[in-house]
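I set aside some time today to look things up in a structure and jot down what I found. Come and read along with me.

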Amino acid sequence: MRQHIISIKEFEKAEIDALLDRAAAIDEGNYDHKALEDRILGVLFFEPSTRTRMSFEAAMARLGGACIDMGGVEASSVVKGETLADTIRVVSGYADAIVLRHPKEGAAQLASEFASVPVLNAGDGAGQHPSQTLIDLYTIRQAMPLEGIDVGLLGDLRYGRTAHSLAYALTQYDVTIHTLAPEGLEMPPNVVEELRERGVEIVVHDEIKEFTRGLDVMYVTRIQRERFPDSASYYAVASSYRVTPELLAGAREQMIVLHPLPRVDEIDPRVDALPHAKYFQQARNGVPIRMALLLEVMR
Amino acid sequence: MKEEPGVLLQISPIRNGTVIDHITAGEALNVLKILGITGTTDECLSIATNVASEKSGKKDIVKIEERELCAEEVDRIALIAPHATINIIRDYLVCEKMGVEIPQVLLGVVRCPNPGCISNTNEPIKSRFEVTKRGLHCLYCDWYLKDDIPGHII
């Protein structure tokens, strides 16, 4: 049993597999609907999120538990200058576990040092988002074995925390990672170096058709508009890669397309109807994965 | 305390305090920065730079009167002068002689270069870095500090 869920890097392969197995059993309805009855989850979201917050709340509700939240940041003591450490100490007295989304990297680690209850990291800045990574792995595993596959990461690989976390998790399996990013948004060299040290093969591409052709999984991330100084430079990069039915015509038949969502222009809506599109299933998988995580730390 | 004759001419012995010897040549002023010693603080100092050294060719030496370094200060010096030796002097005698050693974890010694790191806010924590072969690894935000370590020492 794990006390906190902070970073995907701290998970061994056996532990990941066990969590995915538990999520699969939950997906089939094999769980105690009152497992977390009388338990309370403190939901601390210091920045906007739809899927992560709602899926944690849904997961808690399906296990019979309740959630409390602090409302928006503007309605909380944060506007009075309260530190995160103090907020965490206070909410530890109200809830049996805390799920935290925070704009600063390392916030979840800090929270775990001040909390007297388990902390689940729901994304800290450009840092870690371990539950999203488990969702990604789970969705891949629903379609194919996690071993011996080619996984492509497309989009903002510089700031995209989900792509980094997924890549780290994939080092536990025998996969080849392919990358394709707009100029300036390539995966940081220190991340590439660490991934290679962990034994994974990384193939860097600069042409999307060739990239698409050899993949079993295409993981697309959003180009974040806020990273660019002006709209023109954003659109120049944002429109450089777009996943379309025409592009996917050259892909392997069983290839799946994933995206942590929200998407903007990077996936053509016409792709939604193709069997490759698994991103809405991926979003739905947030609930069983987060149920498995809540059971892991709270039961 | 045994001194090389040439050095003796440049720096006289001190009665009480610390002698930091075998500092990497050119790092003496950074050592002072780490110790918070500036032109406006009142320590009595002797500094020798680019002194001939049998071991390393050239070295710097710093002598600080009436001050004994604490362990955290020694850790900081280790980051920029890994071959330095610290001699604690009491009544002209070397009472303690120690090498510096970079600890596995640096607590409150280095500022994280990542502006988005939680350790750069007003939270009640000290920065925490693990020393790895690829550089200093921030245990909060996962960044690596590889270059200009003296420039990031708190």
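These are my notes, entry by entry, on a model that is predicted.

**Entry 1: a glycine in a loop**

I began with Gly125(A) and asked where it sits. Gly125(A) is in the loop that links strand 4 (119-124) to helix 5 (130-143) of chain A. Is Gly125(A) buried or exposed? I found a relative accessible area of 16% for Gly125(A), and the cut-off for buried is under 20%, so Gly125(A) counts as buried.

Next I looked up what Gly125(A) touches, leaving out residues up to four places away in sequence. The list is His102(A), Pro103(A), Lys104(A), Glu105(A) and Arg161(A). I paused at His102(A): 23 residues separate it from Gly125(A) in sequence, yet the two C-alpha atoms are 6.2 Å apart in space.

**Entry 2: the strands beside that loop**

I then followed His102(A) into its surroundings. Strand 3 (residues 97-102) of chain A runs parallel to strand 4 of chain A, and four bridges join them. Opposite His102(A), in strand 4 of chain A, I found Asp124(A).

How many of the six residues of strand 4 of chain A are buried? The count is six of the six, so strand 4 of chain A is largely enclosed by the rest of the structure.

**Entry 3: where chain A meets chain B**

Here I wanted to know how much the two chains share. A general reminder to myself: the size of an interface is often given as the accessible area lost when the parts come together. For chain A and chain B, the buried area is about 1,500 Å², and carbon and sulfur atoms give 47% of it. Lys104(A), Glu105(A) and Leu110(A) supply 33% of the area that chain A buries against chain B, more than any other three residues. I had already met Lys104(A) and Glu105(A) as residues that Gly125(A) touches.

Counting contacts, I found 19 residues of chain A against 20 residues of chain B. I also noted 13 residue pairs in polar contact across this interface, and five salt bridges between the chains. One salt bridge I looked up joins Glu193(A) to Lys146(B), with the closest N and O atoms 3.2 Å apart.

Which helices of chain A each supply at least two residues of the side that touches chain B? They are helix 3 (84-92), helix 4 (107-114) and helix 7 (189-197). Helix 4 of chain A gives the most, with five residues. Sorted by class, this side of chain A has five nonpolar, six polar and eight charged residues.

**Entry 4: a sheet in chain B**

Last, I turned to chain B, where four strands form an open sheet in the order 6-7-8-9, with antiparallel pairing. Strand 6 (105-107) and strand 9 (144-145) of chain B are at the edges with a single partner strand each, so one side of each has no neighbour in the sheet.

I walked across the sheet, pair by pair:

- Strand 6 of chain B is joined to strand 7 (residues 128-132) of chain B by three bridges, and Leu106(B) has Phe129(B) as a bridge partner.
- Strand 7 and strand 8 of chain B are joined by four bridges, and they form a hairpin with two residues between them.
- Strand 8 (residues 135-138) and strand 9 of chain B are joined by two bridges.

I liked following His137(B) here. Glu130(B) stands opposite His137(B) in strand 8 of chain B, while the bridge partner of His137(B) in strand 9 of chain B is Tyr144(B).

Conventions
Residues are numbered from 1 along each chain as its sequence is written. Chains are lettered from A and ligands numbered from 1 in the order in which they are written. This is a predicted model: local features need pLDDT of at least 70, side-chain atom pairs count only at pLDDT 80 or more; totals for chains, interfaces and linings use all residues. Side-chain values use heavy atoms; hydrogens and water are left out. Buried means under 20% relative accessible area, exposed over 50%, partly exposed in between (1.4 Å probe, protein chains only). Contact means heavy atoms within 4.5 Å. Buried area is the accessible area (1.4 Å probe) that two parts lose on being put together, summed over both. A salt bridge is a side-chain nitrogen of Lys or Arg within 4 Å of a carboxyl oxygen of Asp or Glu. A polar contact is a pair of N or O atoms within 3.5 Å; within protein, one must be able to donate a hydrogen and the other to accept it, and residues adjacent in sequence count only if both atoms are side-chain atoms. Ala, Val, Leu, Ile, Met, Phe, Trp, Tyr, Cys and Pro count as nonpolar, Asp, Glu, Lys and Arg as charged, and the others, Gly among them, as polar. Two strands pair if DSSP finds at least two bridges between them.
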